[in-house]
Amino acid sequence: MSWSAYPFVALILAAPIFAGYNALYALTATPIRPQVGLPERNVEDYITIKDTTLSGFTGRNKIPITLFFEKYFDEKIDIKGDMLDTLEARYDWAKFTWQPEQVKFFFTQWIPETLWHSRKQDEDQVRDHYDRGDDFYEAFLGPMMIYTSGIMTSRHKRQSLEELQQNKLELVCNKIKLKPTDRLLDIGCGWGTLSVHAAKQGANVTGVTLGKNQAAWGRRKAEEAGVADKVRILCADYRDIPREKYNKITCLEMAEHVGILRFQTFLQQVKDMLEDDGLFFLQIAGLRRAWQHEDLMWGLFMAKYIFPGADASAPLNWVIEQLERAGFEVSSVETLGVHYSATIYRWYSNWLKNKDMIIGKYGVRWFRIWEFFLAYSTIISRQGSATVYQIVSHKNLNSFDRVPLTVKE
């Protein structure tokens, strides 16, 4: 075999070696962060197994978490209490080991999607997800229709979901020092709430989303707010954004969908569209570097059911390196995992309140998938397995005036 073939062979073997190592390690290794204070109750105290092929999971013989949620979605397992409470005690009744379906998904879907990220793939995934129905998303997002982390401003006062999201909108505009004369590009604008909010501050805003329903919603909200003349909502792939110049560019929890392999190209595109004295605000979901197997199991669930193609959720050091390689200088970074947990918990509460409506229109399976997703993500973001970063950056130019970003008036 020639030397030129070795990189290709290494690439082919890397994924199965990674999967095989982790499957074996999950079976034999001591948990990195063991959960303590568990009541040590039996499996049947938490769940009811209706599938006779799973009858062996009883007493202290824990069920693999992936097998649990797959069978729960299929109504072959029920829970005996609230999903969030059940998952809080998950180490008492579940184990985190690889299952055949996970291995199949990892090789036949996750890897190809990570390596490809074509326009067609991204469009199909986004529209299948976000064009499901506005009422589906409003059932947990509430009337503001913001699918990104909100911000708590008090440890002592319980704030509503709407207060958390309003806090976030104001914080974003403050961090980018938004002025009425600014031209703002909002990449991945969703239902357009931030775009409309910024336009109400006087900015001229271009919002971009691949979701047809989202674009229509955003335009309607701009009309209702009286700022339709200041808001342009484009239904387009980010690669097709008109190459105009903007003073401020925001991207809230969309860049994950760009993918790891295309991330640098995406950042170069952002830099090309940003004025030399402009600011780039990136809010991006991330993962902890010292991960544990539970984190991997949760990530594969999210990739399969909730955010397919969002493989650029990565540790902070990777995101910072990408920004700096693209020619940005990072001005500030905040980690907002606990804020995300508080936001998702409120989404979860809304979802439970709208259970009958969701089941009536979308069926039990869709209700259960999102019930599990929202309950588990409340915990995952609280315990540090996943988080969200807010990063403010600008072009790394000698002439850039850094004083306003670092010195208070």
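Two strands count as paired here if DSSP finds at least two bridges between them, and with that in mind the sheet of this predicted model can be followed strand by strand. The sheet is open, has 7 strands and runs in the order E7-E6-E5-E8-E9-E11-E10, with mixed pairing. Its edge strands are E7 and E10, each of which pairs on one side only, and the twist from one strand to the next averages 15°. Strands of a sheet pair through backbone hydrogen bonds, in either a parallel or an antiparallel sense.

Starting from the E7 edge, strands E6 and E7 pair in the parallel sense over 5 bridges, and within this part of the sheet Val208 stands opposite Leu234 in E7. Towards the other edge, strand E11, which spans residues 386–395, is mostly covered, since 10 of its 10 residues are buried. On one side of E11 lies strand E9, residues 274–287, and these two strands pair in the antiparallel sense over 8 bridges, with Thr387 of E11 as the bridge partner of Gly286. Strand E10, residues 328–335, also pairs with E11 in the antiparallel sense, over 7 bridges, and here Phe328 stands opposite Lys395 in E11.

From the strands the reader may turn to helix H9, which covers residues 193–200 and is largely enclosed by the rest of the structure, because 7 of its 8 residues are buried. Those buried residues are Thr193, Leu194, Ser195, Val196, His197, Ala198 and Ala199. Several elements take part in covering them, including helices H8 (161–175) and H10 (212–224) as well as strands E5 (183–187), E6 (204–209), E7 (231–235) and E8 (246–252). Within H9, Thr193 has a relative accessibility of 19% and therefore counts as buried, the cut-off being under 20%. Leaving aside residues up to four places away in sequence, Thr193 touches Met144, Met145, Ile146 and Leu169. Just after H9, Gly202 takes a positive phi of about 110°.

The next subject is a pair of helices. Two packed helices are described by the angle between their axes and by the distance between those axes. For helix H14, residues 337–353, and helix H16, residues 364–383, the axes come within 8 Å and cross at roughly 155°. That angle makes H14 roughly antiparallel to H16, because angles over 145 degrees are counted in this way, and the crossing of H14 and H16 is left-handed. On the H14 side, the residues that meet H16 include Tyr340, Ile344, Trp347 and Trp351, while Trp366, Phe367, Trp370, Leu374 and Arg382 are among those that H16 brings to the contact. Taken together, the residues of the contact of H14 with H16 divide into 13 nonpolar, 5 polar and 2 charged.

One residue of H14 deserves a separate look: where in sequence are the residues that Trp347 touches? Not counting residues up to four places away in sequence, Trp347 touches Phe140, Leu141, Ile146, Tyr147, Thr148, Leu161, Gln165, Tyr340 and Leu374. Of these, Leu161 is 186 residues from Trp347 in sequence, yet the two are 7.8 Å apart in space, C-alpha to C-alpha. At 1% relative accessibility, Trp347 counts as buried. Ile146 appears again here, as a residue touched by Trp347 and also by Thr193 of helix H9.

Technical notes: Residues numbered from 1 in each chain as written. Predicted model: local features only at pLDDT ≥ 70, side-chain atom pairs only at ≥ 80, totals over all residues. Heavy atoms only, no water. Axes fitted to C-alpha atoms, helices over the stretch in contact; angles between N-to-C directions. Helix = DSSP H or I, 4+ residues; strand = E, 2+ residues; numbered from the N terminus. Parallel < 35°, antiparallel > 145°, perpendicular 65-115°, else oblique. Left-handed = near helix turned anticlockwise from the far one by under 90°. Contact = heavy atoms within 4.5 Å. Nonpolar A, V, L, I, M, F, W, Y, C, P; charged D, E, K, R; others polar. Buried < 20%, exposed > 50% of the residue type's maximum accessible area, 1.4 Å probe, protein only.
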